[in-house]
Amino acid sequence: MIDDPLQRGTPPGSLRYFAVLYAPEPARPALHALYAFEAELRDTIRTTAHEVAHTRLQYWRAEVDRLAGGRPEHPVTRALLPLRDTGADVSLLHEMLVAADFDVARVTLNSDAEAAALAFRACGSVQTLAAMASRGSAQLSAEERDFARRLGAAVMQAEWLRDLRGDILEGRLRLPLDALESAGLDPRSLLADPTPEALSVLLAGRKARVADELRALPSVLARGERSVQRQGLVLAALHARLLDRIDHRTEVARTRAEVPAWSRFWTAWRTAVRHA
C-alpha cells in the first residue's frame, strides 16, 4: 500500500520507478506526479460501480481545468504546477480522461486505427508531457514529440497484451474486431483452453510489431536528445523486456507476465548508461 499519493504510479521496483530513477533530476517530481495521475485513472477504470467511476472522472476533469488555470487542489495536480509554468499544455491530460471514458464504457475497438488512437490518448499524451518535463521546457523538437507519441502508444499496447485476460474478464476487448475477423476468431473463444492456434499467431504478430517499435525508438531521437529523454528510453527498454516474458501459446495469460527484479535493474541501468 502506497500512502504517498505522488508515489502511487511509481512504487519502488516498478517499471515506471526505474524510468524516473534515470530521468534528469529536476524532472523527477513532475514525472512522479504524471505517473500518479495515470495510476489514479487506472484505479478509476477498474472501479466496478459505474456511477463511482463517472463521478471520479468528472472530478479529474475539473481538476485538470483548475491546473490549467493555475489553481489545482489535489496533491498530484499541485505537483504538476511547475510543469505547467514552463508553458507545457497540461490540458493534454484531458486526452487520458477521454481514454478512461472509453474504458469505463467498455467500447469495442473496430480497427487498428481506433486502437492506435486510444493508445495515444491513454499514454502518448502523458509521455508528451513527460518529454517536456525531461526537457525542462514545453519546446520539444519534432523528433522528441514523435518519440513521445510513439513511445506512449507502444507502451500502452505492450500493457494491453500483458493484461489481455484480465481485461477480457472485465469486459474490455483490446483486440480490434477486424483483426479477429481476419484471423477467423470469435471474440467469445479468446479464453478457450487450449488457446486457439489462430489467436496465438495473431498475438505473436502483434507482440513482435510492438517490440520492434519499442526497440526502434532510440533512432527517432538525435544523439544529443537521448540523454535528456532517458526516462522514455528506459521505459521503452523495460517494456520490450516485458514483451519477451509474455507467452500466449498456452491458455491466454492466466499468470500476469512480469519482468524479474534483477532484469528490471540491469535493463534500466544498461539503457541509461548507453544513452548518458
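In this predicted model, the second largest cavity holds about 50 Å³ of space. Its lining is formed by Phe102, Asp103, Arg106, Val107, Leu109, Leu118, Arg172, Leu173 and Arg174. Sorted by class, this lining contains 5 nonpolar and 4 charged residues, and no polar ones. Asp103 is one of the residues that line the second largest cavity, as are Arg106 and Arg172.

In total, 2 cavities of 30 Å³ or more were counted. The largest cavity has a volume of about 100 Å³. The residues that line the largest cavity are Ala115, Gln157, Trp160, Leu161, Leu164, Arg174, Leu175, Arg206, Arg209 and Val210. Of these lining residues, 6 are nonpolar, 1 is polar and 3 are charged. Two helices, α8 (142–162) and α11 (197–216), each contribute at least two residues to the lining of the largest cavity. Arg174 appears in the lining of the largest cavity and also in that of the second largest cavity.

At the surface, Trp262, Phe265, Trp266, Trp269 and Val273 make a nonpolar patch of about 590 Å². One member of this patch, Trp266, is located in helix α14, which spans residues 261–274. Trp266 has a relative accessible area of 41% and is therefore classed as partly exposed, since this class lies between the buried limit of under 20% and the exposed limit of over 50%. Membership of a patch requires over 30% relative accessible area, and the 41% computed for Trp266 satisfies that part of the rule.

Terms used: Residues are numbered from 1 along each chain as its sequence is written. This is a predicted model: local features need pLDDT of at least 70, side-chain atom pairs count only at pLDDT 80 or more; totals for chains, interfaces and linings use all residues. Side-chain values use heavy atoms; hydrogens and water are left out. Patches are made of residues with over 30% relative accessible area and no salt bridge: like charges are joined within 9 Å, nonpolar side chains (Val, Leu, Ile, Met, Phe, Trp, Tyr) within 5 Å. Accessible areas come from the Shrake-Rupley method with a 1.4 Å probe; for residues, only the protein chains shown count as cover. A salt bridge is a side-chain nitrogen of Lys or Arg within 4 Å of a carboxyl oxygen of Asp or Glu. Helices (H or I, at least four residues) and strands (E, at least two) are DSSP runs, numbered from the N terminus. Buried means under 20% relative accessible area, exposed over 50%, partly exposed in between (1.4 Å probe, protein chains only). On a 1 Å grid over the protein atoms alone, a cavity is a set of points where a 1.4 Å probe fits but cannot get out, and a pocket is an open set with protein on both sides within 12 Å along at least five of seven lines; lining residues have an atom within 4 Å of a point. Grid points are joined across faces, edges and corners, and a volume is the space filled by probe spheres set on the points. Ala, Val, Leu, Ile, Met, Phe, Trp, Tyr, Cys and Pro count as nonpolar, Asp, Glu, Lys and Arg as charged, and the others, Gly among them, as polar.
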